[in-house]
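Could you walk me through this structure in plain words? I am new to reading protein models and would like to know what to look at and in what order.

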Amino acid sequence: MIIVDTALAKRKADNNPIRVGMVGAGFQGKGIGLQIMTATPGMTLCAIANRHVESAIDVYGQVGIEPQRCETTAEIESAIASGRPVVTEDAKAMAASDGLDAIIEVTGSIEYAAEAVLAAISYGKHVIQMNAELDGTIGPILKYKAEQAGLIYTFSDGDQPGVQMNLFRFTEGLGIKPVLCGNIKGLHDPYRNPETQRAFAERWGQKPAMVASFADGTKISFEQAIVANGTGMQVARRGMLGPDFSNGDPGSPLVPIEETLSRFEPYLDPAGPGLVDYVVGARPGPGVFVIGTLADPRKQHYLELYKLGKGPYYCFYTPYHLCHFEVPTSVARAVLFNDPVLTPRGAPLVGVIAMAKKDLKEGEVIGEFGGFEVYGVADNMENIRQERLLPIGLALDCVVRKSVKQDTPLTFDDVQFPEGRLVDRLYGEQENIFFGKSGE
């Protein structure tokens, strides 16, 4: 941020702002738009694409701006050139428009988001996204395509995965080897669903299923999977360790994060690739932490002096994640410095599989993330591929072909896929490029 704010100030002084388009105008999109328009000098939100254009209009309406509705690329380009903000239902037309440096994708979808991201890459736009579900399913192939085009594809700062990656890089910069990247949560119950979370969702203006995906473990599984794919780490076991100090009560007293280290230490290997994991009921929540290690007794002496303990493991943490407040910084890092916040290193190392949330019957349709049918858990790709386990990012809208018992992982053979989906094609391409095998 110290470098980014100076660079953005110069772009403002030069009257040469970073020009941004955004796909999605929901809860996060509204906050990101507000932040760019009110608190980010040197950056302009030129256009918003959303399937329901009224929501895109509302984003601009927060600051009293009346945007121009456009349908075609030519119309969008003309409006941007004249300095008029644009709203459109056509994400591809926006991506094709000259005059944009980057596209922010914040839809929370899979198929629609994949189409939007591919369009952005094909038309030479950097992509900054807040879509762990998309990234945890086909992020490596999207990164590969962006890299081939000389573009940045990255997750954003502000959300917990990006904050973890910042802390990972900070720890490495101190000469301390990160051995675990961790997420701090207040609740984990795999059987939560849109009905159990409806009251909370309505209070905060969010969708019940999305809130349920936070509670049932799907979201944290995706978040830690993309951290693993960006750091080279893995999970200790299917579902991660996830020590829970809350006893199922989100209102119970929180344990200091340093006191949770003993639960992880038996699994830590200073010579290994490291682990991603999470803890429930610790403070400072809802922050993130990194456990690092070093063996030099002189440096251990200094770290003890600075109140980090005797070692050999040390805990670093960030006590917050500010989501849409920090997304503009991620855009600037990509456009001005070619610096991705968090992006897959190469082949996927960890994925998120679909587990039956209840006894599933033949003919049932798997709905949304956080829905009634399945929840997601993280597992190492070696296991996923060997057992032909079904990624939850591919499971949505599939029809169950045979009965599956509660808490059983689904396989590719358990479902019938919808025809003609882009996400299935991209997943197959990802398998072929990184593992030399065609997709299912």
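## A guided walk through two sheets and their helices

Welcome! Keep in mind that this is a predicted model. Let us begin with helix 8 and what surrounds it.

The buried residues of helix 8 are covered by elements that include strand 7 (153-155), strand 8 (177-185), helix 11, strand 12 (288-293) and strand 13 (313-318). Which residues of helix 8 are buried? They are Gln160, Pro161, Gly162, Val163, Gln164, Met165, Leu167, Phe168 and Thr171. You can also check the length of this helix for yourself. Helix 8 covers residues 160-173, which makes 14 residues, and at 1.5 Å a residue it should span 20 Å; the C-alpha atoms at its ends are 20 Å apart, so the two values agree. Follow the chain just past helix 8 and you meet Gly175, which has a positive phi of about 85°.

Next comes strand 8. Eight of its nine residues are buried, so the rest of the structure largely encloses this strand. Strand 8 belongs to an open sheet of four strands with mixed pairing, in the order 10-8-12-13. Strand 10 and strand 13 are the edge strands, each pairing on one side only. From one strand to the next, the twist averages 25°.

What does "mixed" look like here? Strand 8 pairs with strand 12 in the antiparallel sense over six bridges, and within this pair Pro178 stands opposite Gly292 of strand 12. Strand 8 also pairs with strand 10 (residues 275-280), but in the parallel sense, over six bridges. There, Ile184 has Val279 of strand 10 as its bridge partner.

Now look at helix 11, which lies across strand 8 and strand 10 and runs at about 165° to strand 8. Helix 11 spans residues 218-231 and holds Glu223. Is Glu223 buried or exposed? With a relative accessibility of 2%, Glu223 counts as buried because the cut-off for buried is under 20%. Apart from its neighbours within four places in sequence, Glu223 is in contact with Ala132, Asp159, Gln160, Pro161, Asn183 and Lys185. Two of these names may look familiar: Gln160 and Pro161 are among the buried residues of helix 8.

Let us move to the other sheet. Seven strands form an open sheet with parallel pairing, in the order 3-4-2-1-5-6-7. Its edge strands are strand 3 (68-69) and strand 7, and each pairs on one side only. For a closer look, take strand 2 (residues 43-49) and strand 4 (residues 86-88), which pair in the parallel sense over three bridges. Here Ala49 stands opposite Thr88 in strand 4.

Helices lie across this sheet too. Helix 2 lies across strand 1 (18-23), strand 2 and strand 5 (102-105), and runs at about 150° to strand 2. Helix 7 (residues 132-148) lies across strand 5, strand 6 (126-129) and strand 7, at about 155° to strand 7.

Our last stop is a pair of helices. Two packed helices are described by the angle between their axes and the distance between the axes. Helix 2 (residues 27-39) and helix 3 (residues 53-61) pack at an angle of about 35°, and their axes are 9 Å apart. Gly29, Lys30, Gly33 and Met37 of helix 2 make the contact with Asp58, Val59 and Tyr60 of helix 3. Sorted by class, this contact has three nonpolar, two polar and two charged residues. The crossing of helix 2 and helix 3 is right-handed.

Key:
Residues numbered from 1 in each chain as written. Predicted model: local features only at pLDDT ≥ 70, side-chain atom pairs only at ≥ 80, totals over all residues. Heavy atoms only, no water. Helix = DSSP H or I, 4+ residues; strand = E, 2+ residues; numbered from the N terminus. Buried < 20%, exposed > 50% of the residue type's maximum accessible area, 1.4 Å probe, protein only. Contact = heavy atoms within 4.5 Å. Expected span 1.5 Å × (residues − 1). Pairing = 2+ DSSP bridges. Axes fitted to C-alpha atoms, helices over the stretch in contact; angles between N-to-C directions. Left-handed = near helix turned anticlockwise from the far one by under 90°. Nonpolar A, V, L, I, M, F, W, Y, C, P; charged D, E, K, R; others polar.
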